[in-house]
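Biologist: I've just opened this one. Walk me through it, please.

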Amino acid sequence: MSSLLREEMERVLFRPEGQKLEEFIEIEEQQQGRHFLCVYISKDKEALISVVLCRRVKHSRTNKLQKSGLEDSYEKTETWALEDLLILDGRDPDSDDPCFLMHFNTVRSVRAVSCAAKYTLARCLLSLSRKYHYTALKLKNYDWTYIQPTAMYSDRGDCIVLAQICFYAFNLVCLSLCPVPLA
């Protein structure tokens, strides 16, 4: 589902402007509709962060694929430059809290739909900060074991890590089934 949503947002909102969507997470806001916090690269190679509102709107014509006559409309409601982000504050690293604070000139409170989403965003922002601004973003109140890649878990995506774990498990099963010669 998220890959289809990503493709749709890229096609409708980012690609027409010459931008590349790097990462997005769903967030909870008080206004109606689904909200996403998107991190993307502008055509000028600037890393940007936007809150995107997704609304269902009536489509004037229905086609065979859209029987309901509804389609998603995407709108950037707030935008900041990554270089203006002073601190990304996870609030409490010892609890399973999906809320975090983004410190710009003002502080923007954000509630992600999960802690995993909060950490995914933090890893992405840290990586882009190093790549485009050559400095590490200041992170506060995050559990560093989930932020920094280690030898086994790197910044290659969840599917690759899962495949690697399955491969190791398969090897262990195969080894346990091999007969041991009794000498």
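Modeller: One term before we start: two strands count as paired if DSSP finds at least two bridges between them. Also, keep in mind that this is a predicted model.

Biologist: Noted. Which residue stands opposite H35 in β2, then?

Modeller: That's I27. The strands involved are β1, residues 20–28, and β2, which pair in the antiparallel sense over seven bridges.

Biologist: How many residues sit between the strands in that hairpin?

Modeller: Five, and G33 takes a positive phi near 105° in the hairpin of β1 and β2.

Biologist: And what does β2 do with β3?

Modeller: β2 and β3 run antiparallel too, joined by eight bridges, with β3 covering residues 47–58. One of the facing positions is R34, which stands opposite C54 in β3. β2 and β3 also form a hairpin with five residues between them, and K45 in that turn has a positive phi of about 65°.

Biologist: Is β2 mostly covered or mostly open?

Modeller: Mostly covered: β2 spans residues 34–41, and seven of its eight residues are buried.

Biologist: Let me zoom out. How many helices and strands does the protein have?

Modeller: Four helices and eight strands. Read from the N terminus, the order is α-β-β-β-β-β-β-β-α-β-α-α.

Biologist: What share of the residues counts as buried?

Modeller: 36% of the 183 residues. As for the surface, the protein exposes about 12,000 Å², and carbon and sulfur atoms supply 54% of that. If you look at contacts between residues at least 6 apart in sequence, 42% of them join residues at least 24 apart.

Biologist: On to the inside. Which residues touch the most other members in the largest nonpolar core?

Modeller: L37, L88, F100, M102 and L125, out of 29 residues in that core. The elements giving two or more residues to it are β1, β2, β3, β6 (99–103), β7 (107–112) and α2 (115–133). α2 makes the largest share, with eight residues.

Biologist: What else is there in the way of cores?

Modeller: A second one, separate from the first, with 14 residues; M9, F14, Y40 and L48 are among them.

Biologist: M9 would be in the N-terminal helix, I guess. Which residues of α1 are buried?

Modeller: L5, M9, E10, L13 and F14 are the buried ones in α1, which runs over residues 2–14. Looking down the axis of α1, they fall within an arc of 135°, so they line one face of the helix. The background is that an α-helix has 3.6 residues a turn, so residues three or four places apart point the same way.

Biologist: What do those buried residues pack against?

Modeller: Against β1, β2, β3 and β4, the last being residues 70–81.

Biologist: New topic, cysteines. How many disulfides do you count?

Modeller: Zero. Take C115: the nearest cysteine sulfur belongs to C99 and is 8.8 Å away, whereas a disulfide needs the sulfurs within 2.5 Å.

Biologist: Is C115 buried or exposed?

Modeller: C115 is buried, at a relative accessible area of 15%. C124 is buried as well, at 12%.

Biologist: Back to C54 for a second. Buried or exposed?

Modeller: C54 counts as buried because its relative accessible area is 7% and the cut-off is under 20%.

Biologist: What is C54 in contact with, leaving aside its neighbours within four places in sequence?

Modeller: G33, R34, F36, D72, S73 and Y74. With S73, the C-alpha to C-alpha distance is 5.6 Å, although C54 and S73 are 19 residues apart in sequence.

Biologist: Last thing, backbone oddities. Which residue in the loop between α2 and β8 should I look at?

Modeller: Y134 lies in that loop, with β8 being residues 138–140. Y134 has a positive phi of about 55° although it is not a glycine. Most residues other than glycine have a negative phi.

Biologist: Is Y134 buried or exposed?

Modeller: Exposed, with a relative accessible area of 70%.

Biologist: And which residue has a positive phi of about 60°?

Modeller: N141, again not a glycine. N141 lies in the loop between β8 and α3, the helix at 144–147. At 29% relative accessibility, N141 counts as partly exposed.

Biologist: Great, thanks. I'll go and look at those loops.

Note on methods:
Residues are numbered from 1 along each chain as its sequence is written. This is a predicted model: local features need pLDDT of at least 70, side-chain atom pairs count only at pLDDT 80 or more; totals for chains, interfaces and linings use all residues. Side-chain values use heavy atoms; hydrogens and water are left out. Buried means under 20% relative accessible area, exposed over 50%, partly exposed in between (1.4 Å probe, protein chains only). Contact means heavy atoms within 4.5 Å. Accessible areas come from the Shrake-Rupley method with a 1.4 Å probe; for residues, only the protein chains shown count as cover. A nonpolar core is a set of buried Ala, Val, Leu, Ile, Met, Phe, Trp, Tyr and Cys residues joined through side-chain atoms within 4.5 Å. The arc is that of the directions from the helix axis to the C-beta atoms.
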